[in-house]
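Visitor: Hi, I'm new to this one. Could you walk me through it?

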Protein chains: 2
Amino acid sequence: MRSSADQPDDRTPEKAAFSGYQPLKEEIVRRQKALPKRLFQIAAFALDQPDEIAFGTVSSISKSIGVPPSAVIRFAQHFGFDGFIEMQRLFRDRMRERSSEYAERLQTLGRGADPLDGTGKTLEGFLAAGRQSMESALRSVSREVFSSAVSVLSGGETIYLLARRRSFPIVGYMAYAFGKLGLRCELASSSMGTDGDLLQFAGPRDAAFAVSFSPYAPETVAQAKALRERGVPLVSLTDSPFSPIAAISNVWFEVVETDYSGFRPLSASMVLALALSVAVAERKQWS
Amino acid sequence: MRSSADQPDDRTPEKAAFSGYQPLKEEIVRRQKALPKRLFQIAAFALDQPDEIAFGTVSSISKSIGVPPSAVIRFAQHFGFDGFIEMQRLFRDRMRERSSEYAERLQTLGRGADPLDGTGKTLEGFLAAGRQSMESALRSVSREVFSSAVSVLSGGETIYLLARRRSFPIVGYMAYAFGKLGLRCELASSSMGTDGDLLQFAGPRDAAFAVSFSPYAPETVAQAKALRERGVPLVSLTDSPFSPIAAISNVWFEVVETDYSGFRPLSASMVLALALSVAVAERKQWS
DNA sequence: GTGGACGCAGAATAATAATTTCATCGATCT
DNA sequence: AGATCGATGAAATTATTATTCTGCGTCCAC
């Protein structure tokens, strides 16, 4: 397998320190599997809580991790540093950069970035939009509505989930969450044509949740109508009071996702959907 | 309990310490004019370069300012601190907070309070968690990484999307976005067993994007490995540098979603995924 | 002008931290 | 099973750092 003369690279890199935090992090990740137990613990901690490394002392860090102080030193030396302090400098530099870059980004975020100026700003723009969506959702969704939606859904034996296209990921995640929470649900949104069969089993003792944003997918609307005719209680999530879905729902949420360069991140809807799922599970458990 | 004759010096009423950096700053400004020459120099430096105070030692700081070390100590004591270290803690706390501004607000919403006490809190808790995720994404995703991920993906003719279970909605939405944007992509995540066939067409001229959070779905890992072996460039989104996906990726994002009552809203990941999609489309259009 | 109080610098000291050393333990390979 | 090499943890050592102390100078009040 391995001969000693095979890889002389054990000695070559030791004198070369790292240029910054990021390269160090990559190196740690690369060598993580080859690390002894104690050094692995330290590696995990260093990547997980770099701030502690930046501020702490050898002994305070070693106590937090639960390893002897010498192990921390060995860790630094293992990665080519002269000692702990030399390694710590990287972590400190990182914090310096971090706080200045972060402040800059927050400003960008506050202003609401203009869409077309580069890939870096694209990310920030979407994050800004996401945050805005979250805040506006917090304002527009009243507790009463949320609570009654929970009542309706928790009254259902099986919860049918309706959504297409862009809205589909939302119910996809709900299905996952319901599964984890031990609730029965059906994703009536498969691309196969079996949905009709599925919905035939739905009745007044069940419940349905529909998601549809403009332009409203006709399949979703049709399925929702069908369910209503069969007496299935319906909760819906949409973006306008005039949505055809809202008109036929027992309870409906209006969530206006902030638009960024023509695309709406579904963050607020996702969060609402998840909160709804968990709340329903809680309500059911109680009853 | 405690039988020891507790230190009588434990009483610290006279020395009114400061509750945070901000109050200290105000106090310094207020007393600025009444300060002796040396202490004034130090005050000016402290307000001007708080980072240096946070990281430096007494002697390093005193050298930067051009005063003897003892003056720095006296400065701290002059403002009611026990010593330099006690004052330094405020400056360090400040840096910490700066990098997690939203943590406090989340706590305000009742972090310790059990999420089981009402449906209203459930929604608010999830929204707060979502917003914090967004903040943390802003901090942890560097522009360089984002940009190189865009490069890798925009270089692919077809983009293969890999994800299972909870991560699936993310790539689901990406598939929708790519479709709208006119980019070719393949969802290699169907529940049917045809994925193998699909991936056979992938080659070095394509690209792949994998999403996997702990616990990592073995199928995703396997597929990612298979693609890497075929020379397909890989970008991944995961929650730890130790993820098996990260290890084999050309570029990887680490997004830590804030946990609320055991569930993670994928808001930040969704936003990142969407931003990535749009940025890739922009880059492709340009070239 | 003189006495007193306060600020000051620099050395001395105490405290704490980083690093090295070394004996022991455990795994791996023969 | 025995030998070997690396990893480990506790303690010793060394370096650095914070803090205190003392004597000196300066400024103001009387």
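Visitor: To start, how many nonpolar, polar and charged residues does the surface near DNA strand C have?
Guide: Happy to help, and please keep in mind that this is a predicted model. By class, that surface near DNA strand C has six nonpolar, six polar and three charged residues.

Visitor: And which residues come nearest to DNA strand C?
Guide: There are 15 residues around DNA strand C, and the nearest are A:Val58, A:Gln77, A:Phe84, B:Arg38 and B:Pro68.

Visitor: What share of the DNA strand C atoms within 4 Å of the protein belongs to sugar or phosphate?
Guide: It is 80%, and the rest belong to bases. Some phosphate contacts can be named, too. A phosphate oxygen of DNA strand C has a backbone N or O atom of A:Val58 at 2.6 Å. The side chain of A:Gln77 places an N or O atom 2.7 Å from a phosphate oxygen of the strand. From chain B, a side-chain N or O atom of B:Arg74 is 3.5 Å from a phosphate oxygen of DNA strand C.

Visitor: Which elements give two or more residues to that surface near DNA strand C?
Guide: From chain A they are helix H4 (58-65), H5 and helix H6 (84-111), and from chain B they are helix H2 (37-48) and H5. The largest share, three residues, comes from H5(A).

Visitor: Okay, on to DNA strand D. Which residues are closest there?
Guide: DNA strand D is surrounded by 15 residues, with A:Arg38, A:Pro68, B:Val58, B:Gln77 and B:Phe84 the closest. By class, the surface near this strand has six nonpolar, six polar and three charged residues.

Visitor: Where does the largest share of the surface near DNA strand D come from?
Guide: From H5(B), with three residues. Several helices supply at least two residues each, among them helix H2 (37-48) of chain A and helix H4 (58-65) of chain B.

Visitor: How much of DNA strand D within 4 Å of the protein is sugar or phosphate, going by atoms?
Guide: For DNA strand D, 74% of those atoms belong to sugar or phosphate, with the rest in bases. On the phosphate side, a polar backbone atom of B:Val58 is 2.5 Å from a phosphate oxygen. B:Phe84 has a backbone N or O atom 2.7 Å from a phosphate oxygen of the strand. As for bases, a base nitrogen of DNA strand D is 3.5 Å from a side-chain N or O atom of A:Ser70.

Visitor: You mentioned H4(B) and H5(B). At what angle do their axes cross?
Guide: They cross at roughly 105°, and the axes come within 8 Å. H4(B) and H5(B) are therefore roughly perpendicular to each other.

Visitor: Which residues of H4(B) and H5(B) meet?
Guide: B:Val58, B:Ile61 and B:Ser62 of H4(B) meet B:Pro69, B:Val72 and B:Ile73 of H5(B). That contact has five nonpolar residues, one polar residue and no charged ones.

Visitor: What about H2(B) and H5(B), how do their axes cross?
Guide: Their axes come within 10 Å and cross at roughly 80°, so H2(B) and H5(B) are roughly perpendicular to each other. H2(B) brings B:Leu39, B:Ile42 and B:Ala43 to the contact, and H5(B) brings B:Ala71, B:Val72, B:Arg74, B:Phe75 and B:His78. By class, these residues are six nonpolar, one polar and one charged.

Visitor: Changing topic: how many residues of chain B and chain A are in contact?
Guide: 63 residues of chain B are in contact with 68 residues of chain A. About 6,200 Å² is buried between the two chains, and carbon and sulfur atoms give 71% of that area. B:Phe55, B:Arg143 and B:Phe242 supply 13% of the area that chain B buries against chain A, more than any other three residues.

Visitor: Last one, on backbone details. Which residues does a cis peptide bond join?
Guide: A cis peptide bond joins A:Ser214 and A:Pro215, with omega about -5°. A:Pro215 is in the loop between strand S3 (207-212) and helix H11 (218-229) of chain A. There is also A:Arg165, a residue other than glycine with a positive phi, near 45°. A:Arg165 is in the loop between strand S1 (159-162) and helix H9 (168-181) of chain A.

Note on methods. Residues are numbered from 1 along each chain as its sequence is written. Chains are lettered from A and ligands numbered from 1 in the order in which they are written. This is a predicted model: local features need pLDDT of at least 70, side-chain atom pairs count only at pLDDT 80 or more; totals for chains, interfaces and linings use all residues. Side-chain values use heavy atoms; hydrogens and water are left out. A residue is near a molecule or strand if one of its heavy atoms lies within 4 Å of it. A polar contact is a pair of N or O atoms within 3.5 Å; within protein, one must be able to donate a hydrogen and the other to accept it, and residues adjacent in sequence count only if both atoms are side-chain atoms. Helices (H or I, at least four residues) and strands (E, at least two) are DSSP runs, numbered from the N terminus. Ala, Val, Leu, Ile, Met, Phe, Trp, Tyr, Cys and Pro count as nonpolar, Asp, Glu, Lys and Arg as charged, and the others, Gly among them, as polar. Axes are lines fitted to C-alpha atoms, for helices over the stretch in contact, and angles run from 0 to 180 degrees between N-to-C directions. Angles under 35 degrees count as roughly parallel, over 145 as roughly antiparallel, 65 to 115 as roughly perpendicular and the rest as oblique. Contact means heavy atoms within 4.5 Å. Buried area is the accessible area (1.4 Å probe) that two parts lose on being put together, summed over both.
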